[in-house]
Amino acid sequence: MKEFAYRRVTEIRDALAAGHGGARYLGGGTNLVDLMKCGVETPTQLVDVRFLPLGEIRETPDGGLAIGATTTNSDLAAHPEVRRRYPALSQAVLAGASGQLRNMATVGGNLMQRTRCAYFADPSQACNKRDPGSGCAAIRGAHHNHAVLGWSPSCVATHASDMAVALAAFDAVVRYETLDGGAEIPLERFYPPVGDTPERETELPAGALITEVVLPGSAVAPRSRYRKVRERASYAFATVSVAAHLEVSRGTVRSVRIALGGVASRPWRARAAESFLLDGPATADRFRAAAETELAAAAPLPGNGYKVPLARNLIAAVLADLAEPY
Amino acid sequence: MSMAVHVGAVGVARPRIEGRAKVTGAARYAADEPIPDLAYGALVLATVARGRVRDIDVASVRDMPGVLGVIDHTNAPRLNPEAGNFFGPDGGLRLLQDDLIPHAGRPIALVVAETPEQARAAAQALPVTYDEQPHDTRLFAGHPAGRPALTLFDAPADIGDVDAELAASAVVVDERYGTPEENCSAMEPHSATAWWEGDRLEAVDSNQGPFQIAFTLATLFHLPPERVRVRVDHIGGGFGGKTMCGPQLILAAMAATRFGRPVRVTLTRAEVFLATAQRPATDQRIRIGADADGRLRAIHHDATYEISPLAEYIEGCTELTKTLYAAPAIRTALTVVPLDILPPYSMRAPGAAPGSFALESAMDELAERVGLDPLELRLRNEPGVGPVSGLPFSSRNLVACLREGARRFGWASRDHRPRMRRAGPLLIGTGLAATSFSTGAFPSTATITAEPDGTFTVAIAAADLGTGARTALTAIAADALAVGTDRIRLRISDSAIGPAWGAGGSRGTASWAWAITEAAAKIRGPERPMTATVDTTQLLGDLASRERHAFSAVFAEVGVDPATGEVRVRRLLGMFAVGRVINPLMARSQVIGGMIGGLSMALHEEGVRDPVTGRHVNADFAGYHIAAHADVPDIEADFVPDDEPGVPWGIKGVGEIGNVGTAAAIANAVWHATGVRQRHLPIRLDRVLES
């Protein structure tokens, strides 16, 4: 690990003033510190933002929730209003990592975590995300758990967050501050397409500090679910996950939101499947057909083709589950 | 041999002696020992699978903060090429002796600095260039480099006429089974601290057998054995991975020699994966022929596994095939394929774990094809004597394990047809496996001294991996001396005590207890000496020739989601015949731990290699999955009455048997749930998913 300076800040303006050059904001450190140990991240300074006044979850005027960026994953998942209004979000957070990690990890850090592609984490391997222009070892390498949607010849890594998948389904908005003032980005646009710049992972301007994530009241979705398929029952990243909300009235889909995890470089909002289902009959065949519509764009590699039928089955199963009478 | 019965510590459930020290953090592991003037070493590992080191640019890190120097093949102390392990000379030990790279992850340099962080920073910054050569890391049966394995144990068998019996069989199963590379994965990473005291090399090292390790270290460094001392207090698990003289110790000793001060080398998790030991991948073919009533006519078990050209190793996959079932014709063979890989070594029930997966899966396939209850198939082929050796069994209680396990598990109500049970979206299935693991004892030396205060110092160079050896040996010494356990002062974990077998091969407790018991008999004998030392080499030679094995029967119930391929174990039950149980509390913990290892082997563990570079890509606990708590169901484990005649206390050894058979029981349960056979481990969800 390279030597670095550490600074703890308690005011947002101090964080922004320090958060430039080779500095990185430190939340729970559950991903950043690991990457520093293996030499992938080499910050000159860590600006510890955990003591900023950003740890609250508050009501918004439209009936939504604003979640402070330093809220821990554990507190987010346990919050009664999160559990009541956005159960899939609580389920997603609880499906991630381990109890110990969730106690440390923060909402802002969760959004900023890096991919768990093994080639990315090993500086002796080719990786365009870590070292632009060096190539992608995963595409012809071990890519069992890599992307099937939206990837490019530059990078086939997946995004690791469970929380962000649920946020994508609920039309969450990310708010941030810079030295020039505050702004916001819808989560669905927060992560740009991979293209030929896999090293550019978010739309945040340089030095920006995430302050909160806002869940719109219009998206209140007490009937929502997060289902994560993984290679062991706990402490494993998703092979495929689904966050979904479904409202059915007299056999017809009145409202539906579907987002997928584990299949792309970002949470994958399944807009094609949603359009297919909206105002149509809520039947098992339709759920399966909707999933197939979304996955028509899938381009699996030799080692991860199973993710396509898995995602299809999982979408169909979660929707069928949500369509059951209360 | 007279044994006291009035004290009675043996057979009593007692918690670990060191339990309080461990949960309060007072227990010291190898990396915890405070040593003055300590320097730290960090490894540099090769990042190519085969080739030569072209250049290591030492000058570029020499001025980094705290750096004392770098040891590589150009300046390392010369090691004795005769040093080896149980299987003979071991080129895996000859670190930094030349520029050759035999496998990815081979240590090629050690950076020594004032702090661990400084050493690690310089090791990461050290520029290395290679001349890469083509490599081969892919095992398969029929590989052109294949040749017979050493025959030190699990030698090939060929009785009867296998081909004629197969031809005459009403039913034949002929299938291939595969298991991947797996890593021992002890929780405590390997750590060693070495220093010189005068002309004696001292070391604290995390290992499974301090005497053997010290002997190997002495050989490597051209020293007489009495000038090397290796100690270890507490060990955070070994699972076979700390049986050999590890790179941490060899490199720490080199650095202590070169820099003239104590040096500590603690491996990172990745280094434990890449540079210590692994279970080899196996590719096994089994042919079993039977009459229509399920009586076996022939078993043919061909196991191919990988080794490194650096060292011999025996993965005794076919031992069970010569033990479990009667058949007029049995043929077994072990084929090794030298590949450009880390030398494999013993891991959690070596041989028996992958071998039983193949054999007991094939037996389940036979039961299916014959149309017989898998339990009845086993009972119907119970042998009277060793199926290959013809020797009597010292004791054999497999039938008791099978029957009692079946009773507790509720096996009688099982519908043997597959895919008949559902629970919501899940398919439910059950399966079983019968198992064995060879037992015995190796020569060991114990010394007992009667102290003036009425206590007894009992010294033996045993190692307690965390399984409770201290507690068990204290009970044995107390009963052997006919005193309370409060009068026993046990000294273990120090090579200076004398020769002793290590904690491995399910032979630790039997080997050590034998020496302690004999020394106690001398102390209590007519001459009443104040101190007595016994070496059991001669006694062991007098032991009657028998088939000596521990046995067990494992039952599993799984739930499978066919839409996602997820397999979750719902119940596990193991009944064990392990001779006399010294401490039921700890023995139960150990076999449950073994069963969890078997579950992990069945569903999770797999070393994944990059198909292009031949390098492992999941050398950490996030990528290399071991069962998490949430994967482990309610496990029942218990013991049937058993004994081992001729061995003091009737000990058979409980170390490995828990691992054996669980993977097959789970695989058989997955077949019963889904109707699809799983012949390759781990049973990953993509192998089960129904599209």
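Me: Where in chain A is the place of A:D171?
Reply: This is a predicted model, in which local features need pLDDT of at least 70 and side-chain atom pairs count only at pLDDT 80 or more, whereas totals for chains, interfaces and linings use all residues, and side-chain values use heavy atoms, with hydrogens and water left out. Residues are numbered from 1 along each chain as its sequence is written, while chains are lettered from A and ligands numbered from 1 in the order in which they are written. Phi of A:D171 is near 55 degrees, a positive value in a residue other than glycine, whereas most residues other than glycine have a negative phi. With helices (H or I, at least four residues) and strands (E, at least two) taken as DSSP runs numbered from the N terminus, A:D171 is found in the loop between helix 8 (163–169) and strand 6 (173–178) of chain A.

Me: Which element of chain B gives the most residues to the side that touches chain A?
Reply: Counting contact as heavy atoms within 4.5 Å, 30 residues of chain B touch 32 residues of chain A. There are 14 residue pairs in polar contact between the two chains, both residues at pLDDT 80 or more, a polar contact being a pair of N or O atoms within 3.5 Å, where within protein one must be able to donate a hydrogen and the other to accept it, and residues adjacent in sequence count only if both atoms are side-chain atoms. Two or more residues come from each of helix 3 (116–125), strand 28 (566–577) and helix 16 (685–688) of chain B. The one that gives the most, with three residues, is helix 3 of chain B.

Me: How far apart are the closest N and O atoms of B:R615 and A:D122?
Reply: A salt bridge is taken here as a side-chain nitrogen of Lys or Arg within 4 Å of a carboxyl oxygen of Asp or Glu, and three of them are counted between chain B and chain A. B:R615 and A:D122 form such a salt bridge, with a closest N to O distance of 3.1 Å.

Me: What area do domain 1 of chain B and domain 2 of chain B bury between them?
Reply: The domain bounds, which come from an automatic or database domain assignment, put 19–28 + 440–541 in domain 1 of chain B and 37–134 + 185–277 in domain 2 of chain B. The centres of these two domains, taken over C-alpha atoms, are 31 Å apart, and the contact takes 22 residues from domain 1 and 19 residues from domain 2. Buried area is the accessible area (1.4 Å probe) that two parts lose on being put together, summed over both. Carbon and sulfur atoms give 55% of the area buried between the two domains, which is about 1500 Å².

Me: How many residues apart in sequence are the parts that B:F393 and B:F551 tie together?
Reply: Rings of Phe, Tyr and Trp (its six-membered ring) pair if their centres lie within 6.5 Å, and planes under 30 degrees apart count as stacked, over 60 as edge-to-face and the rest as tilted; by this rule there are 20 aromatic pairs over all chains. B:F393 and B:F551 are an edge-to-face pair, 6.1 Å centre to centre with 65 degrees between the planes. Because B:F393 lies in the loop between helix 9 (374–380) and helix 10 (398–409) of chain B and B:F551 in strand 27 (residues 549–561) of chain B, the sequence separation of the parts tied together is 158 residues.
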